Amino acid sequence: KMSEKKPLVNRAMRVLALSVARNDGRLDAAKQLPADVQGTWLGKTAEDRKTNLAWASDVLRKTATAKKDDPQSQTELAEVLARVDSTQDEAFKILDKLAAKDLIASPEGYATLAQLKSERGDKAGSKLALQRCEGMAKDKALCSSIARS
């Protein structure tokens, strides 16, 4: 649960949620987490990944709501929403609106937008979003790997 009194805990939850989102519902921490606390975190099954993405969506939505009009929070929320079929349209609307104002806050956000535009038949828009991703990313391979996944 997000708490106004515990900003460090909130930040940790946000980072964990973003990590789960960027790994499609998996947390690559088998060596770091004791077996008795791993639960669904490792995302071994489709159901576990779905549970993890739902949790990540909830955390990042609360963060975005608390930080109204913050491009980073909106970008991160859209990243996780794009990984759930039922919320992909919402993700597209968020990222498309941010892109129009040049406010997407991460290369992963642009790569996600490129994927969503490609799925909607907007090849030119997808190419432009990939170019923006490559301009921000330290490793350009990140852009094409997200856009194709």
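**Entry 1: the pocket**

I took a pocket to be an open set of grid points with protein on both sides within 12 Å along at least five of seven lines. The model I examined is predicted. I looked up the largest pocket and noted a volume of about 360 Å³. I then asked which elements give two or more residues to its lining. They are α3 (46–66), α4 (71–81) and α5.

The lining comprises 14 residues, and D69, D70, Q74, K97 and L98 are those that lie nearest the centre of the pocket. By class, I recorded six nonpolar, two polar and six charged residues in this lining.

**Entry 2: confidence**

I checked how far the coordinates can be read. The mean pLDDT of the chain is 86, and 85% of the residues score at least 70. Where is confidence lowest, and where is it highest? Helix α2 (residues 35–38) has the lowest mean, 56, whereas helix α5 (residues 88–100) has the highest, 97. I add a caution: predicted coordinates should not be read in detail where pLDDT is low. I therefore do not interpret the detail of α2, given that low pLDDT calls for this restraint.

**Entry 3: overall architecture**

I counted eight helices and zero strands in the chain. Read from the N terminus, the order of elements is α-α-α-α-α-α-α-α. The chain has 149 residues, and 41% of them are buried. I also looked up the contacts with a separation of 6 or more: residues 24 or more positions apart account for 49% of these.

**Entry 4: helix α4**

Is α4 enclosed or open to the outside? I found that eight of its 11 residues are buried, so the helix is largely enclosed by the rest of the structure. The buried residues of α4 are S73, T75, E76, L77, A78, E79, V80 and L81. I noted that E76 and E79 are among them. What covers these buried residues includes α1, α3, α5 and α6 (107–119). Helix α4 also contributes two or more residues to the lining of the largest pocket.

**Entry 5: D69**

I returned to D69, one of the residues nearest the centre of the pocket. D69 sits in the loop between α3 and α4. Its phi is positive, about 65°, although D69 is not a glycine. For comparison, I recall that most residues other than glycine have a negative phi. Is D69 buried or exposed? D69 is exposed, because its relative accessible area of 71% is over the 50% cut-off.

**Entry 6: D24**

I found another positive phi at D24, near 55°, again in a residue other than glycine. D24 belongs to the loop between α1 (7–22) and α2. Its relative accessible area is 33%, so D24 is partly exposed.

Which residues does D24 touch, leaving out those up to four places away in sequence? I listed R49, L53 and R83. For D24 and R49, the C-alpha atoms are 6.9 Å apart, with the two positions 25 residues apart in sequence terms.

**Entry 7: the disulfide**

I searched for disulfides and recorded one in the structure. The disulfide joins C133 to C143, with an S to S distance of 2.0 Å. The pair links distant parts of the chain: C133 is in helix α7 (residues 123–136) and C143 is in helix α8 (residues 141–148), 10 residues apart. The link of C133 and C143 is left-handed, at -90° about the S-S bond.

I next asked whether to class these cysteines as buried or exposed. C133 has a relative accessibility of 0% and so counts as buried. C143 is likewise buried, with a relative accessible area of 0%.

**Entry 8: K127**

I closed with K127, which is located in helix α7. K127 counts as exposed, because its relative accessibility is 55%. I also noted its separation from A111: the two residues are 16 apart along the chain, and their C-alpha atoms are separated by 9.7 Å. Helix α7 thus holds the exposed K127 and the buried C133.

Methods
Residues numbered from 1 in each chain as written. Predicted model: local features only at pLDDT ≥ 70, side-chain atom pairs only at ≥ 80, totals over all residues. Heavy atoms only, no water. pLDDT = per-residue confidence, 0-100. Helix = DSSP H or I, 4+ residues; strand = E, 2+ residues; numbered from the N terminus. 1 Å grid on protein atoms, 1.4 Å probe; cavity = no way out; pocket = protein on both sides within 12 Å on 5 of 7 lines; lining within 4 Å. Points joined across faces, edges and corners; volume = space filled by probe spheres on them. Nonpolar A, V, L, I, M, F, W, Y, C, P; charged D, E, K, R; others polar. Disulfide = S-S within 2.5 Å. Buried < 20%, exposed > 50% of the residue type's maximum accessible area, 1.4 Å probe, protein only. Contact = heavy atoms within 4.5 Å.
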